[in-house]
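Biologist: Please take one part of this model and go through it closely. Keep it brisk, and give the cut-offs as you go.

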Amino acid sequence: MKGERCTSNCALNRGRGKNGPGQHGTSKVNKMSDYAKHLREKQKAKRMYGLTEEQFSNYYKTAEKMKGSAGDNLLKLLELRLDNVVYRLGLASSKRMARQIVNHGNILVNEKKIDVPRYRLKIGDVITFPEKYKANAVIKKLVEKTVSSVPTWLSFDKSRIAGTVVGEPLAGETSHPINSQLIVEYYSK
C-alpha cells in the first residue's frame, strides 16, 4: 500500500504471525472433524458433476444397490452420464457447455437424439453430432484437441466425429481426484 515506506506496523504485515484475526486466532481453523472431511468430499463431487443434493443422493442409493464397492459404483454412474462423456470426449470445453449441448438436443446416441444430461450410457453406445453441426468451426477446433485427452474407456473417431463407450471407467480414471470412500462414510452415518 505504501510501497517501500511500509514498516513493521504496516497493515500488510500485521496479523500474519501465528495468530489470525479475532480473540482466538486461527488455532481452531486447521482442525477439521471427520464429518467435515466427509461432507467436503461429497460436496466437491456433487459440484464437479453439477448435481443437486437430491440427484447425488439418488445416485448413491443406486450405487449402493449394485454389486461391488458403493464408492466405485458411484463414480462409474457419474462418469457414464451423457453430459460427462461429451465433456470427456472433448466435444465441449467445459462440463457446463457439455450439459448445454445435450440439453439443446445437439447430441445423438446410437443415431437417436437425446436431450437428457443424466442419460446413462452403456458399453457400445456411440455418441456423435447431427450432420449439420459437424461443419461448425467451434466443434472442429474442439475435435482437433481431443485425440490425446480421451480416457481409455472411451474411443474417439476423429473422421466421423464420433465417440464410443468401449468399457467401464475404473476408480482411478475419473476426471477429478475424488475419494469415494469418504462419500460412502458420509452416507453410512
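Modeller: Strand 1 (residues 108-109) pairs with strand 2 over two bridges, in the antiparallel sense. Strands here are DSSP E runs of at least two residues, helices are H or I runs of at least four, and both are numbered from the N terminus. Pairing requires at least two DSSP bridges between two strands. This is a predicted model, with residues numbered from 1 along each chain as its sequence is written, and local features need pLDDT of at least 70. Side-chain values use heavy atoms, without hydrogens or water, and side-chain atom pairs count only at pLDDT 80 or more, while totals for chains, interfaces and linings use all residues.

Val 109 has Lys 112 of strand 2 as its bridge partner. The whole sheet is open: five strands, ordered 2-1-3-5-4, with antiparallel pairing. Its edges are strand 2 (112-113) and strand 4, each paired on one side only. Helix 4 packs on this sheet and touches strand 1, strand 3 (126-128), strand 4 and strand 5 (162-165). Contact means heavy atoms within 4.5 Å. The directions of helix 4 and strand 4 make about 60 degrees. Axes are lines fitted to C-alpha atoms, for helices over the stretch in contact; angles run from 0 to 180 degrees between N-to-C directions.

Now strand 5. Three bridges join it to strand 3, antiparallel. Val 126 stands opposite Thr 164 there. Four bridges join strand 5 to strand 4, also antiparallel. Phe 156 has Gly 163 as its bridge partner. These two strands form a hairpin with four residues between them. In the turn, Ile 161 has a positive phi of about 50 degrees.
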